[in-house]
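Here are my notes for someone opening this model for the first time. Have a look at the sequence and the fold, then read the points in order.

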Amino acid sequence: MNKTRRAVLQSSTGFSVMALAAANGLFSTGAFAQTPAASKLVAEWNKAAFDTKSLQATATALGGGPAIESREIIISAPDIAEDGRVVPLNVTSKLAKTEAIAILVEKNPNSLAANFAIPEGTEPFVKTAVKMGQSSNIHALVKADGKYYFATREVKVTLGGCGG
Amino acid sequence: MAYPMKIRASMMGDKVVVKALIAHDMETGLAKDSSGKTIPAWFIQQLTGTHNGKTVFNAQLGPSVSKNPSLEFRFSGGKVGEKVKLMWIDNKGETRSDEKEIA
């Protein structure tokens, strides 16, 4: 249980705090101004890596050598996913000096789903949801101390989520 | 039109847990509409999280990430009341940034 959340809910001022938060962030519709940083970001998107079709090709495209299988990477995902459009999963790496976590779906048209950079101070953990066209292996490719490691987990899909 | 992100940032021990729900279609470029035309790819390519000007999270996403993506990450060094800022940009150059105070 999150203590801070409890405290907010229980305190008499809780309601106004929540209302303020809502007004500030959650429901604002204010226009967003383009920033120079945004255009810089897009140049860094690694198109080559996102076009790859296999685990080792992705590792190469991300600038690494052959990836080694590791038991220090834990993929948490359902064994059977009912809806391939939203397959929730999370990846934890216990490898020292984890620098990046990539999530790959082997049988998707392009295998790389996402690549997360983990700066120092950020936990080597990430949680998201991916689309899966069919039952497939999910790989987590982790860059740690300059080397690439991976773990694999099979997820069966009842209803595909790629294409129409 | 980019809708605001829903962001939660809360302390868990000495770490800040950031959860985000992003409103985005994340079209793969493979699906077809009812008339049989291919719907062009439209997806978020980059997402960055910053705290006090320091990048705490940087994601490169592909079209395989689910529609209306959800994300969770954790970092240390944050305090209650400080702000976490998330920003994304998609393959059409559309961008959005939202801030949330750590609770």
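1. A cut-off before anything else: a residue is called buried when its relative accessible area is under 20%, exposed when that area is over 50%, and partly exposed in between. Keep in mind, too, that you're looking at a predicted model.

2. With that cut-off in hand, try B:Met26, which sits in the loop between E2 and E3 of chain B. Is B:Met26 buried or exposed? Its relative accessibility is 1%, so B:Met26 counts as buried. Its backbone deserves a look as well: phi is near 50°, a positive value in a residue other than glycine.

3. Chain A has a residue to set beside that one. A:Lys97 isn't a glycine either, yet its phi is positive, about 55°. You'll find A:Lys97 in the loop between strand E4 (87–93) and strand E5 (98–105) of chain A. Here the accessibility is 59%, so A:Lys97 counts as exposed.

4. Next, go to strand E1 of chain B, residues 6–12, where the side chains alternate. B:Ile7, B:Ala9 and B:Met11 point to one face and are buried. B:Lys6, B:Arg8, B:Ser10 and B:Met12 point to the other face and are not buried.

5. What does E1(B) pair with? Its partner is strand E2 of chain B (residues 15–21); the two run antiparallel and are joined by seven bridges. Together E1(B) and E2(B) make a hairpin with two residues between them. B:Gly13, in the turn, has a positive phi of about 65°. Across the pair, B:Met12 stands opposite B:Lys15 of E2(B). Remember B:Lys15, as that residue comes back below.

6. Now for the inside. The largest nonpolar core has 64 residues, and those with the most contacts inside it are A:Val91, A:Phe116, A:Leu141 and B:Phe57. Which strand gives the most to this core? That's strand E9 of chain A (residues 147–159), with six residues. To get a feel for the packing, click on A:Val91: leaving out residues up to four places away in sequence, the residues it touches include A:Ile73, A:Ile74, A:Ile75, A:Ile101, A:Ile103 and A:Phe125.

7. On to where the chains meet. Contact involves 46 residues of chain B and 44 residues of chain A. On the side of chain B, B:Gln60, B:Ser64 and B:Arg74 lose the most area to chain A, together 17% of what that side buries. The area buried between the two chains comes to about 3800 Å², with carbon and sulfur atoms giving 54% of it.

8. How many polar links cross that interface? There are 20 residue pairs in polar contact between chain B and chain A. Several strands of chain B each supply at least two residues of the side touching chain A, among them E1, E3 (44–51) and E5 (70–76). The largest share, eight residues, comes from E4(B).

9. Salt bridges next. Over all chains the structure has 12 of them, and three cross the interface of chain B and chain A. In one salt bridge, B:Lys15 from the hairpin meets A:Glu123, at 3.6 Å from N to O.

10. Within chain B, the side chains of B:Glu72 and B:Arg74 meet in a salt bridge at 3.3 Å, N to O, and both residues are buried. B:Glu99 and B:Lys83 form another salt bridge, at 3.8 Å, N to O. B:Glu99 lies in strand E7 and B:Lys83 in strand E6 of chain B, so this pair ties together parts that are 16 residues apart in sequence. B:Glu99 is partly exposed at 43%, and B:Lys83 is partly exposed at 41%. Which residues are joined into one network by salt bridges that share partners? They are A:Glu123, A:Lys127, B:Lys15, B:Glu72 and B:Arg74.

11. One last pair, this time in chain A: A:Arg85 and A:Asp83 meet in a salt bridge at 3.2 Å, N to O. A:Arg85 is partly exposed, with a relative accessible area of 47%, and A:Asp83 counts as partly exposed at 26%.

How values were computed:
Residues numbered from 1 in each chain as written. Chains lettered and ligands numbered in written order. Predicted model: local features only at pLDDT ≥ 70, side-chain atom pairs only at ≥ 80, totals over all residues. Heavy atoms only, no water. Buried < 20%, exposed > 50% of the residue type's maximum accessible area, 1.4 Å probe, protein only. Helix = DSSP H or I, 4+ residues; strand = E, 2+ residues; numbered from the N terminus. Pairing = 2+ DSSP bridges. Core = buried A, V, L, I, M, F, W, Y, C linked by side-chain atoms within 4.5 Å. Contact = heavy atoms within 4.5 Å. Buried area = accessible area lost by both parts, 1.4 Å probe. Salt bridge = Lys/Arg side-chain N within 4 Å of Asp/Glu carboxyl O. Polar contact = N/O pair within 3.5 Å; in protein donor to acceptor, adjacent residues only side chain to side chain.
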